[in-house]
Amino acid sequence: MEIQSHFKKYQVEFVESLQEIFELASRKETYFVLDRTIYSLYKDALPVFPADRLFLLDALESKKTIETALAICERMTAMFSKRNTHLVSVGGGITQDITGFVATSLYRGIPWTFYPSTLLAACDSCIGGKSSLNYKGFKNLLGTFYPPDRIKIYLPFFETLSMKDYCSGLGEVIKFNVIAGKKGLETIERDMEAILKHDHKLLSHYIESSLLFKKRFIEEDEFDRGVRVLLNFAHTFGHAFEVSSGYEIPHGFAVAMGMITANHISVQRGFLTAGYADRIEKVCAKILKYIDIQNQWFDTDLIFSAIHKDKKQIGNDITAVLIRKDYTLGVFHDIKEDEIKKAIQHLLKQKG
């Protein structure tokens, strides 16, 4: 798959081995950032990296900061290579965000290859070029646009994911199928059980179809000024739930919760039937059963504080993407706090 960016064309490829990492490790201009967990799990399948060209990253939301990015930059500036330095990162979305920020910042942009090790990164964030850092406790306030030159998807990585991490990735897969409309919902309803049973051939199909769906939006609106904002369906609320829970809610689960929240508002506004929203809730429930939802994570003061700090907000009123009567998406700038409170109450009733 080829993606056309304003910066460059870049490639997404499904690979059957990690052999290219051995070749890259032999080149003195290559620097590696690896999720520490992935390094531990796959150490025997990876080359012996030179110590001065390896940064092991604890992939935690608390580490997704400018300080971590600068620590990597400091190590990389000690290399003899400069603008020809090639950054290779292996990990999930947190690793991608940090290394993407480094790649765009160091020497005004260096070549970058990304191996997504989580389903969440492979089916969504690996394309689109966004890199985001958390700042002062709020999610993704700092960021840039700068895609990798190459994205290598190695399916065996997903076999070692915990069921919780696996299902978090499925949150974005569900979202793409929901925003694709009635046919997309029917498709994910049909296949969800098989995906949960790790049917990897089917999973590969859904990763590719999710990326192809997203490709249309990012090629038309790379910098998030127009139609790409529709991909933020569920994220206004989902990001706020991540913040209010102290990031105890992983991103994909937060997106699923955000869909239920947004759809309840659509039902109350007469855009969706309760039956259609319930079908989406039932699909989301298949993954949400893998997280123990705590009521204290949904402090409305914290949620509204996080929403108003969200970079997509443009004024005092709350902006969110909702499903409209014709099953397409629309951006609404008049969401009321009372609507959100009622939707959260509805969400919490579903957790049982």
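**Helix packing and selected residues in a predicted model**

The axes of helix α3 (residues 66-76) and helix α4 (residues 93-105) come within 9 Å and cross at roughly 55°. The structure described here is a predicted model. With that crossing angle, α3 and α4 are oblique to each other, because angles from 35 to 65 degrees fall outside the parallel and perpendicular ranges. The crossing in which α3 passes α4 is right-handed. On the α3 side, the contact is made by I66, T68, A69, I72, C73 and M76, and on the α4 side by I98, F101 and V102. Sorted by class, this contact of α3 with α4 has eight nonpolar residues, one polar residue and no charged residues.

A useful rule helps in reading such lists. An α-helix has 3.6 residues a turn, so residues three or four places apart point the same way. The α3 residues that take part in the contact with α4 include A69, I72, C73 and M76. Another residue of helix α3 is A71. What is the state of A71, buried or exposed? The answer lies in between: A71 has a relative accessible area of 32%, so this residue is partly exposed. The C-alpha atom of A71 is separated by 9.3 Å from that of F55, and the two residues are 16 residues apart along the chain.

Attention now turns to helix α6. How far apart are the end C-alpha atoms of α6? Helix α6 covers residues 163-179, and at 1.5 Å a residue its 17 residues should span 24 Å; the end C-alpha atoms are 24 Å apart, so expectation and model agree. Of the 17 residues of α6, 14 are buried, which means that the helix is largely enclosed by the rest of the structure. Just after α6 comes G181, which takes a positive phi of about 105°.

One partner of α6 is helix α8. The two helices pack at an angle of about 50°, and their axes are 10 Å apart. That angle makes α6 oblique to α8. The crossing of α6 past α8 is left-handed. In this contact, Y166, V173, F176, N177 and I179 of α6 meet L203, Y206, S210, F213 and K214 of α8. Divided by class, the residues of the contact of α6 with α8 are seven nonpolar, two polar and one charged.

Helix α8 also packs with α7, at an angle of about 135° and with the axes 9 Å apart. This angle makes α7 oblique to α8. Here too the handedness can be stated: α7 passes α8 in a left-handed crossing. The residues that make the contact are T187, I188, D191, A194 and I195 of α7, together with L202, L203 and Y206 of α8. Six of the residues in the contact of α7 with α8 are nonpolar, one is polar and one is charged. L203 and Y206 of α8 therefore appear in the contact with α7 as well as in the contact with α6.

Where in the chain does H198 lie? H198 sits in the loop between α7 (182-196) and α8 (200-220). Although H198 is not a glycine, this residue has a positive phi of about 65°. With a relative accessible area of 26%, H198 is partly exposed. A comparable description can be given for Y247, which has a positive phi of about 65° although it is not a glycine. Y247 is found in the loop between α9 (235-244) and α10 (251-268), and its relative accessible area of 22% makes this residue partly exposed.

Two further residues complete the picture. S117 is found in the loop between β6 (112-116) and α5 (119-125). At 2% relative accessibility, S117 counts as buried, because the cut-off for buried is under 20%. Leaving aside neighbours within four places in sequence, S117 is in contact with I38, G91, G92, F157, F158 and L161.

V331 belongs to strand β11 (residues 329-335). Its relative accessibility is 33%, so V331 counts as partly exposed. Which residues does V331 contact, leaving aside its neighbours within four places in sequence? They are V229, L230, T319, A320 and V321. For V229, the C-alpha atom is separated by 8.1 Å from that of V331, although the two residues are 102 residues apart along the chain.

Technical notes
Residues are numbered from 1 along each chain as its sequence is written. This is a predicted model: local features need pLDDT of at least 70, side-chain atom pairs count only at pLDDT 80 or more; totals for chains, interfaces and linings use all residues. Side-chain values use heavy atoms; hydrogens and water are left out. Helices (H or I, at least four residues) and strands (E, at least two) are DSSP runs, numbered from the N terminus. The expected span of a helix is 1.5 Å times one less than its number of residues. Buried means under 20% relative accessible area, exposed over 50%, partly exposed in between (1.4 Å probe, protein chains only). Contact means heavy atoms within 4.5 Å. Axes are lines fitted to C-alpha atoms, for helices over the stretch in contact, and angles run from 0 to 180 degrees between N-to-C directions. Angles under 35 degrees count as roughly parallel, over 145 as roughly antiparallel, 65 to 115 as roughly perpendicular and the rest as oblique. A crossing is left-handed if the near helix is turned anticlockwise from the far one by less than a right angle, and right-handed if clockwise. Ala, Val, Leu, Ile, Met, Phe, Trp, Tyr, Cys and Pro count as nonpolar, Asp, Glu, Lys and Arg as charged, and the others, Gly among them, as polar.
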